[in-house]
Amino acid sequence: MRISISGRAWRGALLVSGLLALSGCSLFSSSDKRYEPAPLTEYTPGMAVRSVWSQSIGSGSGLGFAPTVLGEAVYAATPDGSVVKVDLLSGRILWKGSANTKLSAGAGSDGQTTAVASPTGEVIAFDDEGKVKWRAQASSDVAIPPVVGYGLVVVRSGDYRIQAFDANSGERLWSLQRPGPALALRSVAQMIMAEGLVITGLPGGKLMAIDAASGNVQWEGTVATPKGASDLERLTDVVGQPRVVGPLLCAVAYQGRIVCFDVTQGGRAVWAKDFSSATGMNVDDRFAFASDQSSVVYAFGLDNGVNVWKQDALKNRGLTAPAMISGALALGDLDGYVHFLSRSDGQLLARLSVGGGAIVSPPQSTPQGVVVQTGNGNLVLIANH
């Protein structure tokens, strides 16, 4: 996890351990057993999983990288500048482009335009043959994946600006900024597009829906309110990807809450629970799922927020946000394992090693299974028999 420090007194960034929440980082003695990753435990297999294909797409991974799945294509990028389109069914690379610079975030795509970003805030767009269409400059560094849709490429930069570029020309069309806190979590975060809106979480615990065409804010809600005396105690950022299911818009914050809003009732909070996640959440038609900052996995009733189950067998294993596969959740960990839990009761069902070191990018659900981007720059499709 990285904490960015901004404001008049501070201009740099403090690097902290990248996979565990602050409670499990090097701020504590390495001899403190409370923060050691739980050992892999025995379990009774409840599903059979296998690797369908594995494809090297580049080198490395990072918090700002998440594949985009569109139909039978997967768009992905790696920090070395590689950008690819991969056939979901076979794992064959359909095209591979190069940004000719190091990357910090990617890849967003609508199938015609694929966008990535560099640590200096350069936004690079590719056409669907893997050729660079345009380059544009955001106002500062970009550390979360761009989103592409409605004729736009939208990025959120480190100075708390959301900026939209024309997907064909790269012209900046609108820019929106919100005041930011002194400290911001550099964690896995993603924007989404839905119903003509760009929906993004923000440092400070806010969730915002922006009209994609005009850049005007249509709704703003509070996922969590910063608390505490110090900037570190008040670190309360929305993490992961906001989730939409029916009339509900759900999100989770670090040192904050997990909450679902009803968008048909002016964004009224239906339920909220004190919670702290560093990676994000997911939902199905019954439950909201999230792992806390210690990688204990919880399920909450989607309609009322009641805690249905929790699973602590993977504690401190640096879990990713969960993805859906059949009746299970798939979560990557710090050792390159993907764990599968029952959505109904949280029981361990299966485990598969994909190698490549820590899995940081959130797995992506597809009709064929779960796509995982590994720590060393591979894409892997995992299916259940």
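Are F275 and F300 buried or exposed? Select the two residues to start the tour: F275 is buried, and F300 is buried as well. Keep in mind along the way that this is a predicted model.

**Stop 1: the aromatic rings**

A pair of aromatic rings is described by the distance of the centres and the angle of the planes. Keep F275 and F300 selected and show their side chains. The ring centres are 5.6 Å apart and the planes stand at 85°, so this pair is edge-to-face. Now colour the strands that carry them: F275 is in β24 (residues 268-275) and F300 is in β27 (residues 297-301), so the contact ties together parts that are 25 residues apart in sequence.

Next, add Y298 to the selection. How are the rings of Y298 and F300 arranged? Their planes are at 10° and their centres 6.0 Å apart, so the pair is stacked. Y298 is buried, with a relative accessible area of 15%, and for F300 the value is 5%, also buried.

Bring in W271 to complete the group: ring pairs link W271, F275, Y298 and F300 into a cluster. If you would like to go hunting for others, the structure holds 10 aromatic pairs.

**Stop 2: the salt bridges**

Side chains of opposite charge can pair when their charged atoms come close. How many salt bridges does a search of the whole structure find? The search finds 8, and here are some to visit.

Select D128 and K85. They form a salt bridge, with the closest N and O atoms 2.9 Å apart. D128 lies in the loop between β10 (122-126) and β11 (132-137), while K85 belongs to strand β6 (residues 82-87), so the pair ties together parts that are 43 residues apart in sequence. Try a surface view here: D128 counts as partly exposed at 24% relative accessibility, whereas K85, at 14%, counts as buried.

Move on to D333 and R317. Their side chains meet in a salt bridge of 2.8 Å, N to O. This pair links distant parts of the chain, 16 residues apart: D333 is in the loop between β30 (328-332) and β31 (337-342), and R317 is in the loop between β28 (307-311) and β29 (323-325). D333 and R317 are both buried. Add D335 to the view as well, since R317, D333 and D335 are linked in a network of salt bridges.

One more pair to select is R161 and D159, a salt bridge whose closest N and O atoms are 3.4 Å apart. R161 counts as partly exposed, at 27% relative accessibility, and D159 counts as partly exposed too, at 22%.

**Stop 3: an open sheet**

Hide the side chains and switch to a cartoon view. Look for an open sheet of 4 strands, in the order β3-β35-β34-β33, with antiparallel pairing. Which strands stand at the edges? They are β3 (49-56) and β33 (364-366), each with a single partner strand, so one side of each is left without a neighbour in the sheet. Turn the view to follow the twist, which averages 25° from one strand to the next.

To finish, zoom in on β3 and β35 (residues 378-384). These two strands run antiparallel and are joined by 7 bridges. Select S51 and look across to the partner strand: opposite S51 stands I382 in β35.

Definitions and conventions: Residues numbered from 1 in each chain as written. Predicted model: local features only at pLDDT ≥ 70, side-chain atom pairs only at ≥ 80, totals over all residues. Heavy atoms only, no water. Salt bridge = Lys/Arg side-chain N within 4 Å of Asp/Glu carboxyl O. Buried < 20%, exposed > 50% of the residue type's maximum accessible area, 1.4 Å probe, protein only. Phe/Tyr/Trp six-rings, centres within 6.5 Å; stacked < 30°, edge-to-face > 60°. Pairing = 2+ DSSP bridges. Axes fitted to C-alpha atoms, helices over the stretch in contact; angles between N-to-C directions.
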